[in-house]
Amino acid sequence: MQVSVVGSGYVGTTLAACLADVGHEVVAIDIDSEVVAAVNEGHAAIHEHGLDELLERNAGDRLRATTSYDDIPESDVTFLAIGTPSEPDGDIDLGALSAAARGVGEALSGLGPDERGLVVVKSTITPPAVDEIRAALAAGAGDAADRVELATNPEFLREGTAVSDFRNPDKIVLGTDSESASDRLHALYEPIVDGREIPVVDTDPKTAMMIKYANNAALAAKISLANDLGNLCKEFGLDAYEVMEAVGLDDRIGERFLRSGVGYGGSCFPKDVDALRAAGRDAGYDPSLLNATVEVNDRQPERLLSLLDDHVDVAGERVAVLGLAFKPGTDDVRNSRAIPVIEGLRERGATVVAYDPVATEAMRERFPDVEYASAAADALDDAIGALVVTDWDEFAALDAEFDAMEESVVIDGRRIIERRNGITYEGLTW
């Protein structure tokens, strides 16, 4: 099939590369000429495991990138994968996505009476926002608006494993208003499903987007529950990991997302939960459990800092922050728990030295005056304490490096460091 993907961020680039790799002819469209050049050269402008290999294999063959919308009229499916950042009140900013929808509509405005265009929102938008994007698409399409259908197809990709998640999805959710649009999307995903028992959920566009939000809200709430219980375990002198390992044996609960720690971050959980809360308030309903989910998550970094305060006074002292990405396997620092940790250390008068295997440059844009080490050992050298924020595997191998610290106080927010002689060790919830 002929596919256009508007937007070449984490979702759009992964979508374009994976669809090309299963045999579709894909055009990636982005306003950033540097991003376009990178895709055409066969590498990603982002750090995502396995993505460069797909781009290298398909660029110049079944995948090409451009800044032009010229290919859209010939596409069987056009995806919108534009970011929807958070507003101060938690609602989503639809400005860029609406502009892209209007532009796609304009590109399809010349469709003939027997032609049909299918535009699919891959971006995460609230159910009420579907109408706004549909209106923008129709405004661009003009007289051809009745021949252009808007559908939704939410993504369930985890950063760091996005390529694997696309190839092996737990489910595929298709939100359409017509049988023909559903058939077209089923055909698009046939090489992925390929006889495997992958559930394909057919529903309407708004319900499809609510499934996405409900999915992420449920996972975020599960993490915050694990953290709340973990905080209780810490107060009782118990190991939350031992407790939750047993809890996870209950098949009604399951073992995943029960690892307590410094909290969730990234581009999805914080933004999606906030957007759902904001949409609920607009509709006249204040979701108490989701409010509590956010409250618990927001206080975990301060609990990490308070454990450090119990052992040392950091004012005027050097403190190491290990891990800047919101999770291992990515360079994404959006809503990373390292951000409030660094802010809290600076408020206490500490000199922060930070290290991450891949996310240093991204965090440097946020905190240009923080010292960034080129290795974990350099960050620990002469530090009065260390805070572990991201569970990169290399941190588990640290041993003699702690000997270089002025005072070997290690506060672990991810249970990646082993207790050992020679260091003062505190786990956040164990």
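Start by selecting T66, which is buried because its relative accessible area is 16% (buried means under 20% relative accessible area, exposed over 50%, partly exposed in between, with a 1.4 Å probe and protein chains only). T66 sits in strand 3, residues 63–66 (strands are DSSP runs of E with at least two residues, helices are runs of H or I with at least four, and both are numbered from the N terminus). Now show what surrounds T66: setting aside residues up to four places away in sequence, it touches V27, A28, I29, D30, V36 and D71 (contact means heavy atoms within 4.5 Å).

Before moving on, note that this is a predicted model, in which local features need pLDDT of at least 70 and side-chain atom pairs count only at pLDDT 80 or more, while totals for chains, interfaces and linings use all residues. Residues are numbered from 1 along each chain as its sequence is written, and side-chain values use heavy atoms, with hydrogens and water left out.

**Next stop: strand 5**

Select L118 in strand 5, residues 117–121. Is L118 buried or exposed? L118 counts as buried, at 4% relative accessibility. Add F79 to your selection: L118 and F79 are 39 residues apart in sequence, yet 8.6 Å apart in space, C-alpha to C-alpha. Leaving out neighbours within four places in sequence, the contacts of L118 include D76, V77, T78, A181 and L185.

**On to helix 7**

Two of those names lead you onward, since A181 and L185 are among the buried residues of helix 7. Select residues 179–193 to see helix 7, then look at A187, where it bends by about 30 degrees (the bend at a residue is the angle between axes fitted to the seven residues ending there and the seven starting there). A proline, P191, follows within four residues. Just after helix 7 comes D194, with a positive phi near 40 degrees.

**A pair of crossings**

Two packed helices are described by the angle between their axes and the distance between the axes. Select helix 8 (residues 205–236) and helix 10 (residues 269–282): their axes come within 9 Å and cross at roughly 115 degrees (axes are lines fitted to C-alpha atoms, for helices over the stretch in contact, and angles run from 0 to 180 degrees between N-to-C directions). Helix 8 and helix 10 are therefore roughly perpendicular to each other (65 to 115 degrees counts as roughly perpendicular, under 35 as roughly parallel, over 145 as roughly antiparallel and the rest as oblique). Among the residues that meet here are M210, Y213 and I223 in helix 8, and F269, V273 and L276 in helix 10.

Keep helix 10 and add helix 11. The axes of helix 10 and helix 11 come within 10 Å and cross at roughly 145 degrees. V273, D274, L276 and R277 of helix 10 make the contact with L290, N291 and V294 of helix 11.

**Along helix 11**

Helix 11 covers residues 288–309, and its 22 residues reach 32 Å from the first C-alpha to the last, close to the 32 Å expected at 1.5 Å a residue (the expected span is 1.5 Å times one less than the number of residues). Where is the kink in helix 11? Look at Q300: a kink of about 30 degrees lies there, shortly before the proline P301. Both Q300 and P301 are buried.

**Last stops: two loop residues**

Select N335, in the loop between strand 9 (318–322) and helix 12 (338–347). N335 has a positive phi of about 55 degrees although it is not a glycine, and it counts as partly exposed at 34% relative accessibility.

Finish at R415, in the loop between strand 13 (409–412) and strand 14 (424–427). R415 is not a glycine either, but has a positive phi of about 50 degrees. With a relative accessible area of 31%, R415 is partly exposed.
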